[in-house]
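Let's take a walk through a protein model and see what its side chains are up to. Have the picture open while you read.

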Amino acid sequence: MAEVIPAAVLRNLADKLYEKRKNAALDLAAAGEHEKITAVINLLTTEFTYSPQANHRKGGLIGLAAATVGLTSDAAQHLEQIVPPVLNSFSDQDSRVRYYACEALYNIAKVVRGDFIVFFNQIFDALCKLSADSDANVQSAAHLLDRLVKDIVTESDQFSIEEFIPLLRERMNVLNPYVRQFLVGWITVLDSVPDIDMLGFLPDFLDGLFNMLSDSSHEIRQQADSALSEFLQEIKNSPSVDYGRMAEILVQRAGSPDEFTRLTAITWINEFVKLGGDQLVPYYADILGAILPCISDKEEKIRVVARETNEELRAIKADPAEAFDVGAILSIARSQLSSEWEATRIEALHWISTLLNRHRTEVLQYLGDIFGTLLTALSDPSDEVVLLVLDVHAAIAKDPQHFRQIVVFLVDKFRIDHSLLEKRGALIIRRLCVLLNAERVYRELSTILEGEPDLDFASIMVQALNLILLTSSELSEIRDLLKQSLVNPAGKDLYISLYASWCHSPMAIISLCLLSQTYQHASTVIQSLVEEDINVKFLVQLDKLIRLLETPIFAYLRLQLLEPGRHIWLFKALYGLLMLLPQQSAAFKILKTRLKAVPSYSFNGEQLKRTPSGNPYQFGSQITEDGDISVDGGGNSHNGINFGARLQQFQLVQQQHRLHSKAQVQSRKNSTSLSKQNTVEAQKQEEPRRPQLSEINVPISRSSTKRGPQV
């Protein structure tokens, strides 16, 4: 049993340790007085290190370190007594105490070396705090201690990375620049140790490293970037990497407001897309959501990497059976159609188009989710975006049921947004005609507009379609087919199909007749017009038509004027239009000049005299559309076209428009009258009430009483 050492002796030994430090401990050790040193340690940990006096606490720390040195090989047995009080001193209010605590722990670590590892997490936590100490001397001492601890850890085979990572992950969110430098330093050191697999735990502290890239200190940014670059190189060389967890972090960091962080994140994503393979399939939607905004980044380097990554990702042909979520990617692409950046919207549409080509069945299941957004995108300020939207619509419309749905929704969109029809109507219709067959598109539009309840919109829409028909190169085949309406069954069917909806606009019908060379019917339509039909809008449209007659599209018609004998009804139709134009208008002068240009020798006055006026469908004999006289029983059809029925159809629709216009005028009058009435009543209520005559108290004069009542 060990001898009990008197307290006075222990105090004397402690004083010696305090005064002479290590030499005293060595002398005691050489004398074989380990028991006394152990007893001194107990005394120092209870009295000196917890004393209210700073000098005593400093002395206790020095003594503990010296005692440890004195014990040498037996020091490890006393670490449980020595280290905790030293660590507690790291948080002492006195900077000198904290300094001596660093010195004491340094000396202890030098003695025990590998046995020190059991306290690593507590020591790391303490050093982390001391790295940001307000006292420069303490920081310097902590730095020396830190270097020693790193050396010990790199040499030790007892270090547990699994126990350390939770502490590191917790500290990675600290913003203090000194702490950040401390953390990056440790990550770099541990990663350099071959036996420590820091790459396997990278997802635990990757976000913290990316967070440091936006630090105000250039040195910290550089250190974090260097560490990240090293890890990325290791990822490229490693056969097994957890891409999934890190992909989630990178996606978030790709949206960072810091430019350098975005560039680093998108660079990592680029490498992940190349290396990740099947592991990244469940994260494709999230990755796409990070890439698309970066395509429009203000920094060119980010744009270049983002575009390259986007192409790499789109080139991967994943299967929905392999966790490839078509719906999630469609959702991302749809949301990016609302981006303020054109380049991002364009790439989002490319993705929708790609998915339609590869996974058509799956995409059509989500059609209801994206259809409204695609229609809204038709109002995009960018022509390129609108054209791509139309490409997507056309791809969807390959199925007959979707074709009609798209055209119906398009008409509805035009009805709601007249400005879209005015600004982009021609572009949209022409592009659809190229992608989906012009005749098919026009037939469907005509069918829809024939039953359109909104007569004003129907008239506007038909006028727009008619102008596109007369001017667009994409519709040249339709025009050629319509020119053969009187001789070709296909032309006749198209003529009849368009006629039903073209009835909503007199000028559209006249244009259709001139284009189809049904000049007799054109003349009849012109003569059927009444006063209400010839308004400002009509004259504006007529002015456009007269100018269009001078374009190459109507060159055939102008050449037919050289043979008035064969095209009597053409002359009559053109002169009819001339009579409707104001004489001072430019259109009147243009048409009059054109008609005057017809050579006089080509006229046959007798034929013109034999041309009846009024409604030719009331006569038994008929002058056909090309001017030749023929006699048939009905006298009102040609090539199966019942022009009499067509005229009745036109007149019926126009009568509906007239009644609608009158109802609108009456409604406006009633509204104005009601408004005036309300204004008058309001004014009356505001005026002071005038007293009635019976309420006025007028004194009776004497003269009136004398005269008596008046007869």
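Which residue forms a salt bridge with Arg307? The partner is Glu347, and the closest N and O atoms of the two sit 3.6 Å apart. Keep in mind that this is a predicted model.

## A bridge between two helices

Let's stay with that pair for a moment. Arg307 belongs to helix 16, while Glu347 belongs to helix 18 (residues 342–358), so the salt bridge ties together parts that are 40 residues apart in sequence. Arg307 counts as partly exposed because its relative accessibility is 37%. Glu347, on the other hand, is at 8%, so Glu347 counts as buried.

What lets such side chains team up? Side chains of opposite charge can pair when their charged atoms come close.

## Bridges within one helix

The model has 30 salt bridges in total, and some join residues of a single helix. Take Lys129 and Asp125, whose side chains meet in a salt bridge at 3.7 Å, N to O. These two are 4 residues apart in helix 7 (residues 120–130), so about one helical turn separates them. An α-helix has 3.6 residues a turn, so residues three or four places apart point the same way.

Is Lys129 buried or exposed? With a relative accessibility of 55%, Lys129 counts as exposed. Its partner Asp125 has a relative accessible area of 18% and is buried, because the cut-off for buried is under 20%.

Helix 30 (residues 536–548) has a similar story to tell: Asp543 and Arg547 both lie in this helix, 4 residues apart, about one turn. They form a salt bridge too, with the closest N and O atoms 2.8 Å apart. Arg547 is partly exposed, at 42% relative accessibility. Back at Asp125 and Lys129, salt bridges with shared partners join these two, Glu170 and Arg171 into one network.

## An aspartate in a loop

Now find Asp297, in the loop between helix 15 (284–294) and helix 16 (300–315). Its relative accessible area is 10%, so Asp297 is buried.

What does the side chain of Asp297 reach? It makes a polar contact with the side chain of Arg262 at 2.7 Å, and it also reaches the backbone nitrogen of Glu299 at 2.8 Å. If you skip neighbours within four places in sequence, Asp297 is in contact with Arg262, Ile302 and Arg303.

## Helix 25 up close

Time for a quick sum on helix 25 (residues 455–471). At 1.5 Å a residue, its 17 residues should span 24 Å, and the end C-alpha atoms are indeed 24 Å apart, so the two values agree.

At the start of helix 25, a side-chain oxygen of Asp454 comes to within 3.3 Å of the backbone nitrogen of Asp456. Several residues of the helix are buried, including Leu455, Phe457, Met461, Val462, Leu465 and Leu469. Polar residues turn up among the buried ones as well, such as Ser459 and Asn466.

## Cysteines and a repeat

How many disulfides does the structure hold? The count is 0. A disulfide is a covalent bond between the sulfur atoms of two cysteines. Cys128 counts as buried because its relative accessibility is 3%, and Cys433 is buried at 4%.

Finally, an unreviewed UniProt entry lists residues 82–117 as "repeat: HEAT". In the model, that span is 72% helix and 0% strand, and its end C-alpha atoms lie 14 Å apart.

How values were computed:
Residues are numbered from 1 along each chain as its sequence is written. This is a predicted model: local features need pLDDT of at least 70, side-chain atom pairs count only at pLDDT 80 or more; totals for chains, interfaces and linings use all residues. Side-chain values use heavy atoms; hydrogens and water are left out. The expected span of a helix is 1.5 Å times one less than its number of residues. Buried means under 20% relative accessible area, exposed over 50%, partly exposed in between (1.4 Å probe, protein chains only). A polar contact is a pair of N or O atoms within 3.5 Å; within protein, one must be able to donate a hydrogen and the other to accept it, and residues adjacent in sequence count only if both atoms are side-chain atoms. UniProt positions are given in the numbering used here, feature names are shortened, and annotations may be inferred rather than shown by experiment. Contact means heavy atoms within 4.5 Å. A disulfide is a pair of cysteine sulfur atoms within 2.5 Å. A salt bridge is a side-chain nitrogen of Lys or Arg within 4 Å of a carboxyl oxygen of Asp or Glu.
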